[in-house]
Protein chains: 2
Amino acid sequence: MPNDTKDLILNAAEALFAEHGFGSTSLRKITTKAGVNLASVNYHFGSKEALINAVFERRIVPMNQQRIERLKGLQEDYSGRSIPLEVLIETFIGPAMALAADQGKGGAVFIRLLGRSYTEPSATLQQAIRGLYGPVIERFKLAFSQVLPELPPEEIYWRMHFMVGLLAYMMAGTDMMRLIASCQVCDPLDIPATVKRLSVFLSAGMGAPQRGGEIESR
Amino acid sequence: MPNDTKDLILNAAEALFAEHGFGSTSLRKITTKAGVNLASVNYHFGSKEALINAVFERRIVPMNQQRIERLKGLQEDYSGRSIPLEVLIETFIGPAMALAADQGKGGAVFIRLLGRSYTEPSATLQQAIRGLYGPVIERFKLAFSQVLPELPPEEIYWRMHFMVGLLAYMMAGTDMMRLIASCQVCDPLDIPATVKRLSVFLSAGMGAPQRGGEIESR
DNA sequence: GTCTATAGTCAGATAGAC
DNA sequence: GTCTATCTGACTATAGAC
């Protein structure tokens with residue numbers, strides 16, 4: 001049922017959370033926008049916090065499945081040989097950006113929300129997201145180690161952290177882009193171009209030679 | 001007066017905003033933590049929103065002054081010659097990271113807040129921050145153009161955007177670092193090491209050769 | 001400048017009829 | 001499953017004594 005009450009609530013909540021944040025979005029605003037009864041949120045989800053988790057699960061689970069499947073396919077295609085760094089990176093950022101481009105499924109709204117969630121202080125939400133991400137991160141960590149064998153494990157972790165962080169920021173996609181006020185040519189909604197630019201930038205960063213001795217391992 | 005009521009409020013607000021976000025932090029919690037009267041926030045600042053702006057101004061103004069001064073010094077030192085890319089990048093991220101290291105001035109708390117503000121939806125706050133950042137961005141944009149003359153202007157804008165974004169994310173510094181669960185060696189509080197790693201990563205990304213034809217300008 | 005008291009609004013959650 | 005009605009508590013903001 002696509003227009004189930006549950007989905008109506010999830011859609012409205014997703015949009016409002018993305019636009020105004022969690023703390024400033026009340027259940028009243030959500031149910032009004034969804035056109036459903038105020039009490040139905042607590043009936044279907046139990047609490048506001050549980051609703052927030054549900055909003056994330058609905059999209060993150062398929063997105064990370066896609067990442068893992070694409071990585072598996074890649075590892076078969078390149079069996080034995082080394083996967084090009086840039087291809088690996090695009091496999092990671094692609095599904096996120098694809099969701100952003102998928103207007104029909106409301107992905108564009110969600111992706112902003114996802115970006116925001118990375119800086120969200122709520123402990124329970126962070127824990128939930130960590131659970132949803134853990135397996136993906138570990139799989140890609142292994143893949144990156146093979147592609148970049150000259151880098152020590154902790155440097156791989158740091159650089160993946162940078163990659164995830166930058167992706168999250170791009171996805172948050174607030175008007176901070178306009179910080180750089182005079183950049184009228186920059187169109188953040190041109191997803192394929194953004195993916196390309198990001199992947200060039202990230203490939204260079206991820207693959208940068210580690211400068212001997214200047215960073216001591218701890 | 002270091003322990004002015006105004007400063008007590010600013011300190012408490014800064015800490016609570018950083019920990020719980022804006023929407024979830026009430027004036028009651030702030031005044032309780034500060035040990036001052038509930039009404040004093042409205043007396044000194046006028047409203048909650050004005051308090052939020054004041055929290056940011058107190059730290060951003062000196063930080064950006066520092067950035068500009070260091071850039072000026074750099075341009076004198078290298079008069080005529082080209083500033084090394086990595087030096088320029090460290091001039092930009094240094095003052096932010098220095099604030100993070102400056103426990104005494106409460107900078108570490110603020111820097112998380114600053115990171116969070118980049119994904120904050122409040123329109124008025126974004127406008128205020130944009131005003132505080134504009135001049136710095138434009139100055140550095142010019143400097144980057146000189147250091148990277150082979151890149152077209154819009155590519156410079158995009159990459160600065162990536163740089164600011166990644167810096168913001170690092171500063172938000174929630175436990176998302178722990179996403180990469182098994183990374184026990186990564187210590188986000190080791191500021192000098194983090195600056196070095198970031199600057200290596202960003203220098204490679206900022207200076208990456210643009211791949212001919214694959215990104216079409218719009 | 002600092003306090004108390006309170007107005008006025010809105011929140012999340014639930015009980016119980018249908 | 002959906003609705004109305006309502007409880008209880010928290011919120012911002014302000015008026016007015018000191």
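Trainee: In this predicted model, which residue forms a salt bridge with B:Arg58, and how far apart are the closest N and O atoms?

Mentor: Side chains of opposite charge can pair when their charged atoms come close. Here the partner of B:Arg58 is B:Glu14, and their closest N and O atoms are 3.5 Å apart. B:Arg58 lies in helix H4 (residues 48-77) of chain B, whereas B:Glu14 lies in helix H1 (residues 5-20) of that chain, so the pair ties together parts that are 44 residues apart in sequence.

Trainee: Which other residue forms a salt bridge with B:Glu14?

Mentor: B:Arg59 does, with the closest N and O atoms 2.8 Å apart. B:Arg59 is likewise in helix H4 of chain B and B:Glu14 in helix H1, so this pair ties together parts that are 45 residues apart in sequence.

Trainee: Are B:Glu14 and B:Arg59 buried or exposed, and how does B:Arg58 count?

Mentor: A residue is called buried when its relative accessible area is under 20%. B:Glu14, at 2%, is therefore buried, and B:Arg59, at 12% relative accessibility, also counts as buried, while B:Arg58, at 25%, counts as partly exposed.

Trainee: Where do B:Arg159 and B:Glu155 lie?

Mentor: Both lie in helix H8 (residues 153-172) of chain B, four residues apart, which is about one turn of the helix. They form a salt bridge in which the closest N and O atoms are 3.0 Å apart. B:Arg159 is buried, with a relative accessible area of 1%, and B:Glu155 is buried with a relative accessible area of 1%.

Trainee: How many salt bridges are there over all chains, and which residues of chain A are linked in a network?

Mentor: The count comes to 12 salt bridges over all chains. In chain A, the residues A:Asp7, A:Glu14, A:Arg58 and A:Arg59 are linked in a network of such bridges.

Trainee: Turning to the DNA, how many residues surround DNA strand D, and which are the closest?

Mentor: There are 16 residues around DNA strand D, the closest being A:Thr5, A:Asn37, A:His44, B:Ser26 and B:Arg28. By class, this surface has five nonpolar, seven polar and four charged residues. Of the strand's atoms within 4 Å of the protein, 55% belong to sugar or phosphate, and the rest belong to bases.

Trainee: Which atoms of A:His44, B:Ser26 and B:Lys48 lie by a phosphate oxygen of DNA strand D?

Mentor: For A:His44 it is a polar side-chain atom, 2.8 Å from a phosphate oxygen, and for B:Ser26 a polar side-chain atom, again at 2.8 Å. B:Lys48 instead places a backbone N or O atom 3.2 Å from a phosphate oxygen. The elements that give two or more residues to the surface near the strand are helix H3 (39-44) of chain A and helix H2 (27-34) of chain B.

Methods. Residues are numbered from 1 along each chain as its sequence is written. Chains are lettered from A and ligands numbered from 1 in the order in which they are written. This is a predicted model: local features need pLDDT of at least 70, side-chain atom pairs count only at pLDDT 80 or more; totals for chains, interfaces and linings use all residues. Side-chain values use heavy atoms; hydrogens and water are left out. A residue is near a molecule or strand if one of its heavy atoms lies within 4 Å of it. A polar contact is a pair of N or O atoms within 3.5 Å; within protein, one must be able to donate a hydrogen and the other to accept it, and residues adjacent in sequence count only if both atoms are side-chain atoms. Ala, Val, Leu, Ile, Met, Phe, Trp, Tyr, Cys and Pro count as nonpolar, Asp, Glu, Lys and Arg as charged, and the others, Gly among them, as polar. A salt bridge is a side-chain nitrogen of Lys or Arg within 4 Å of a carboxyl oxygen of Asp or Glu. Buried means under 20% relative accessible area, exposed over 50%, partly exposed in between (1.4 Å probe, protein chains only).
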